[in-house]
Amino acid sequence: MLAVVWSLAVGALRWLAAHPWVLIVLLVIAATTGGVWAHRRREIAHWNRVRERGLRYAMPQIDALHHRQFEEAVRDLMHRDGCPTSVQVGGAGDNGADVKATDPFGRLWVIQCKHRRAGWAGSAVGTPDLHVLNGTGRPVHKGDVVVLVTNGRFTDKAIAFARSQRLHLVDRHLLAQWAAGSTPLWELLSAVPAPRRPASGS
């Protein structure tokens with residue numbers, strides 16, 4: 001068997017040596033194909049960046065989402081803001097985190113999402129949800145910025161608790177500003193931890 005394979009290989013090499021133009025043609029085809037593939041990859045990446053920069057949500061769109069779709073929307077907004085590794089991790093056993101993202105400054109964001117079909121008129125997010133997030137956001141997930149996002153509102157006790165524990169709250173009004181604009185979330189929140197590293201390209 002090896003002798004047959006060797007004989008075929010030697011024969012093919014001799015044939016190519018006698019017809020060098022075939023090898024040239026094959027190399028040109030391979031180079032052209034590789035160039036087209038690379039160009040297509042660059043084009044797809046370019047349009048993905050354009051789409052991400054142009055990502056916008058109006059609040060009626062957000063209100064109509066399923067809670068899992070709401071998590072995905074938050075993930076996509078973080079991606080738009082410059083967090084290419086943002087992931088949706090919500091589900092059974094998520095330990096209070098629905099989205100994780102590392103921003104251009106090296107800070108890990110741990111985000112819990114609470115969707116309300118009725119928006120502002122829905123039930124307010126209270127301290128029990130914040131207790132869960134506070135208990136896992138930093139100790140378990142090692143987050144630098146721990147956030148709870150809702151398309152609704154928070155109770156006064158929840159707001160006071162978040163302030164005391166350095167948790168960040170994004171209510172309907174702030175979410176509307178973030179989702180409909182192009183300003184990164186870290187520029188809309190106050191008292192965000194200092195960057196771990198300079199932004200890329202700075």
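In what order do the strands of the open sheet come, and what is the pairing like? Colour the chain by secondary structure and you can read it off: the 5 strands run β1-β2-β3-β4-β5, with mixed pairing. Strands count as paired if DSSP finds at least two bridges between them.

Before you click further, some ground rules. This is a predicted model, where local features need pLDDT of at least 70 and side-chain atom pairs count only at pLDDT 80 or more, while totals for chains, interfaces and linings use all residues. Residues are numbered from 1 along each chain as its sequence is written, and side-chain values use heavy atoms, with hydrogens and water left out.

**The whole chain**

Zoom out. You have 8 helices and 5 strands, in the sequence pattern α-α-α-α-β-β-β-α-β-α-β-α-α. Both are DSSP runs numbered from the N terminus: helices are H or I of at least four residues, strands are E of at least two. Of the 202 residues, 38% are buried; that means under 20% relative accessible area, with exposed over 50% and partly exposed in between (1.4 Å probe, protein chains only). Take the contacts (heavy atoms within 4.5 Å) between residues at least 6 apart in sequence: 61% of them join residues at least 24 apart.

**Across the sheet**

Select β1 (87-88) and β5 (168-170) to find the edges. Each has a single partner strand, so one side of each is left without a neighbour in the sheet.

Now select β2 (99-102) and β3 (108-114). They run antiparallel, joined by 4 bridges, and Thr102 stands opposite Leu108 in β3. The two strands form a hairpin with 5 residues between them; click Gly106 in the turn and check its positive phi of about 85°.

Stay on β3, where 6 of the 7 residues are buried. On to β4 (145-150): β3 and β4 run parallel, with 6 bridges between them, and Lys114 stands opposite Thr150 in β4. From β4, step to β5, a parallel pairing over 3 bridges. Val149 has Val170 in β5 as its bridge partner.

**The ring cluster**

Show the side chains of Phe105, Trp109 and Trp186, which ring pairs link into a cluster. Rings of Phe, Tyr and Trp (its six-membered ring) pair if their centres lie within 6.5 Å; planes under 30 degrees apart are stacked, over 60 edge-to-face, and the rest tilted. The structure holds 2 such aromatic pairs.

Phe105 and Trp186 meet edge-to-face, at 6.3 Å centre to centre and 85° between the planes. They sit 81 residues apart: Phe105 is in the loop between β2 and β3, Trp186 in helix α8 (residues 185-188). Phe105 is partly exposed at 21% relative accessible area, while Trp186 is buried at 10%.

The other pair is Trp109 with Trp186: centres 5.9 Å apart and planes at 55°, so this one is tilted. Trp109 lies in strand β3 and Trp186 in helix α8, so the pair ties together parts 77 residues apart in sequence. As for Trp109 itself, the relative accessible area is 0%.

**Into the core**

A nonpolar core here is a set of buried Ala, Val, Leu, Ile, Met, Phe, Trp, Tyr and Cys residues joined through side-chain atoms within 4.5 Å. The largest has 28 residues, and those with the most contacts inside it are Val74, Met78, Trp109, Ile111, Val149, Val170 and Leu175. Elements supplying at least two residues each include α3 (59-63), α4 (67-80) and α7 (172-180). Helix α4 gives the most, with 5 residues.

Pick Leu175: leaving aside neighbours within four places in sequence, its contacts include Met59, Phe70, Val149 and Val170. Apart from the largest core lies another, of 14 residues, among them Ala97, Leu108, Val110 and Phe154.

**A buried arginine**

Next, select Arg116, in the loop between β3 and α5 (127-136). Which side chain of opposite charge is nearest to Arg116? That is Asp129, 4.6 Å away, and the buried Arg116 has no salt bridge (a side-chain nitrogen of Lys or Arg within 4 Å of a carboxyl oxygen of Asp or Glu). For charge, Lys and Arg count as positive and Asp and Glu as negative; His and the chain ends are not counted. Beyond four places in sequence, Arg116 contacts residues including Asp63, Ser123, Thr150 and Gly152.

**Last stop**

Finish at Ala191, in the segment after α8. Ala191 is exposed, at 72% relative accessible area. The C-alpha atoms of Ala191 and Leu167 are 9.8 Å apart, with their positions 24 residues apart along the chain.
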